[in-house]
Amino acid sequence: MIRPVISELRLEHLPGLSRLFHAVDMAYATVWEWNTDNCLVATHEDEVVGFVACWHDNQPYAFVDVLLVHPTYKGQGIGAWLCWAMEAILISRGVKCIRCVASVPEIVPPLTKEGFQHAGTHAILEKFYVQGV
């Protein structure tokens, strides 16, 4: 397990982010699809190795739109570090529930390990931070 550096998305991350998108077959994606205030990158030895982006518009919930880890670094805890950092930011903004779509089956076990539960369908998982929300 490596300990990546987690930070807000900055302009200098864009070339590395483009390489990450290509490595995970998302070459069509651009960072401008997301509000960059809701994006974090994970770097290791100055290379972008992970990315998380969510939708949040001052509501008590947020939606994780994308969580990516470079294939070379899968299984090393980078996705968990990204989730923990994004959770902390969202909770500080008053979010009570985070939802995400598990578009690939291999993401379900790590998300459930982090406390996410199925939300009425096999593909949507959510995690509550306050009872009764």
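Here are three short exercises with worked solutions on a predicted model.

**Exercise 1. Placing A119**

Find where A119 sits, decide whether it is buried, partly exposed or exposed, and list its contacts beyond the neighbours within four places in sequence.

*Solution.*
- Step 1: Start with the secondary structure. A119 belongs to the loop that links β6 (117-118) to β7 (124-128).
- Step 2: Turn to accessibility. The relative accessibility of A119 is 22%, so this residue counts as partly exposed. The cut-off for buried is under 20%.
- Step 3: Collect the contacts. With neighbours within four places in sequence set aside, A119 touches I124, L125 and E126.
- Step 4: Check the distance to R99. The C-alpha atoms of R99 and A119 are 8.6 Å apart, and the two residues are separated by 20 positions along the chain.

**Exercise 2. Two salt bridges involving β7**

How many salt bridges does a search of the whole structure find? Take the partners of K127 and E126, and work out which elements each pair ties together.

*Solution.*
- Step 1: Begin with the total. The search of the whole structure gives four salt bridges.
- Step 2: Pair up K127. Its side chain meets that of E87 in a salt bridge, with an N to O distance of 3.0 Å. Because K127 is in strand β7 and E87 is in helix α2 (residues 78-92), this pair ties together parts that lie 40 residues apart in sequence.
- Step 3: Pair up E126. Its side chain forms a salt bridge with R99 at 2.6 Å, N to O. Here strand β7 holds E126 and strand β5 (residues 97-101) holds R99, so the link joins parts 27 residues apart in sequence.
- Step 4: Add the surroundings. K127 has a relative accessibility of 15% and counts as buried; E87, at 9%, also counts as buried. E126 is buried at 13%, whereas R99 is partly exposed with a relative accessible area of 36%.
- Step 5: Connect this to the previous exercise. E126, the salt-bridge partner of R99, is one of the residues in contact with A119.

**Exercise 3. The pair R10 and E12**

What is the N to O distance in the salt bridge between E12 and R10, and how does each residue count by relative accessibility?

*Solution.*
- Step 1: Read the distance. The side chains of R10 and E12 meet at 2.7 Å, N to O.
- Step 2: Classify E12. Its relative accessibility is 54%, so E12 counts as exposed; the cut-off here is over 50%.
- Step 3: Classify R10. At 40% relative accessibility, R10 counts as partly exposed.

Definitions and conventions: Residues are numbered from 1 along each chain as its sequence is written. This is a predicted model: local features need pLDDT of at least 70, side-chain atom pairs count only at pLDDT 80 or more; totals for chains, interfaces and linings use all residues. Side-chain values use heavy atoms; hydrogens and water are left out. Buried means under 20% relative accessible area, exposed over 50%, partly exposed in between (1.4 Å probe, protein chains only). Contact means heavy atoms within 4.5 Å.
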